[in-house]
Amino acid sequence: MVGGPDNGPFSFDLDTETYAALRGRLVRYLMRSKEITLGRTTPTHQVDVDFSLEGPAWKISLKQGIIKYHGGEFFLWNFGKRPIYIDGHPVIQGCHSKLHHHCVMEICSLKFIFIINKTLAEGKSNDKV
């Protein structure tokens with residue numbers, strides 16, 4: 001983990017293939033594609049970000065939501081029954097919210113910091129989805 005005046009205490013080096021990361025208390029998830037799914041993995045259902053690896057996740061939907069990178073910005077869509085909180089503001093089922101660097105994402109008492117690889121995101125902001 002690398003901290004500093006520009007990076008902050010929750011930052012770490014992101015490689016040139018990583019758009020962003022979700023950092024929890026126990027694990028970190030790297031976003032290496034323009035869209036990732038959030039939820040719980042089961043033997044018959046796979047997601048990119050498995051919240052059960054971070055802590056108790058039985059109340060989280062199998063497909064809780066997605067994070068999508070588009071036009072140089074990141075957005076969260078919530079498909080689950082429970083709200084996802086971004087910096088304390090609820091994103092309810094069927095709604096979406098813009099994500100910013102170092103925002104706090106909370107779902108069913110699991111907290112994550114969203115960290116954007118600003119170098120890669122700025123370089124790809126003109127890419128088409």
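These questions and answers walk through a predicted model of one protein chain.

Visitor: How many helices and strands does the secondary structure of the protein chain come to?
Guide: Read along the sequence, the pattern is β-β-β-β-β-β-β-β-β-β-β-α. The helix therefore comes after the strands in that pattern, given that elements are numbered from the N terminus. The total is one helix and eleven strands.

Visitor: Which strands are the edge strands of the open sheet?
Guide: This open sheet has five strands with mixed pairing. Its order is β4-β3-β5-β6-β9. An edge strand pairs on one side only, and that holds for β4 (49–50) and β9 (96–99).

Visitor: Which residue in β5 stands opposite Glu35?
Guide: β3 covers residues 35–39, and β5 covers 63–70. The two strands run antiparallel, joined by five bridges. Opposite Glu35 stands Lys68.

Visitor: Which strand gives the largest share of the largest nonpolar core?
Guide: The core has 27 residues, and those with the most contacts inside it are Ile67 and Phe74. Strands supplying at least two residues each include β1 (20–23), β2 (28–31), β7 (84–86) and β10. The largest share is four residues, and it comes from β11.

Visitor: Is Cys108 buried, partly exposed or exposed?
Guide: Cys108 lies in the loop between β10 (103–107) and β11 (110–116). Its relative accessibility is 26%. Buried means under 20% and exposed means over 50%, so Cys108 falls in between. Cys108 is partly exposed.

Visitor: Which residues is Cys108 in contact with, leaving aside neighbours within four places in sequence?
Guide: Cys108 and Ala57 are 51 residues apart along the chain, yet their C-alpha atoms are separated by 7.3 Å. The contacts of Cys108 are Pro56, Lys59, Ile60 and Arg82.

Visitor: How many disulfides does the structure hold?
Guide: A disulfide is a covalent bond between the sulfur atoms of two cysteines. Here the cut-off is a sulfur pair within 2.5 Å. Cys95, at 32% relative accessibility, is partly exposed, and Cys108 also counts as partly exposed. The number of disulfides is zero.

Visitor: What percentage of the 129 residues in the protein chain is buried?
Guide: The accessible surface comes to about 7,400 Å². Carbon and sulfur atoms hold 52% of that surface. Counted by residue, with buried meaning under 20% relative accessible area, the buried part of the chain is 40%.

Key. Residues numbered from 1 in each chain as written. Predicted model: local features only at pLDDT ≥ 70, side-chain atom pairs only at ≥ 80, totals over all residues. Heavy atoms only, no water. Buried < 20%, exposed > 50% of the residue type's maximum accessible area, 1.4 Å probe, protein only. Contact = heavy atoms within 4.5 Å. Core = buried A, V, L, I, M, F, W, Y, C linked by side-chain atoms within 4.5 Å. Pairing = 2+ DSSP bridges. Areas by Shrake-Rupley, 256 points an atom, 1.4 Å probe, with all protein chains shown as cover.
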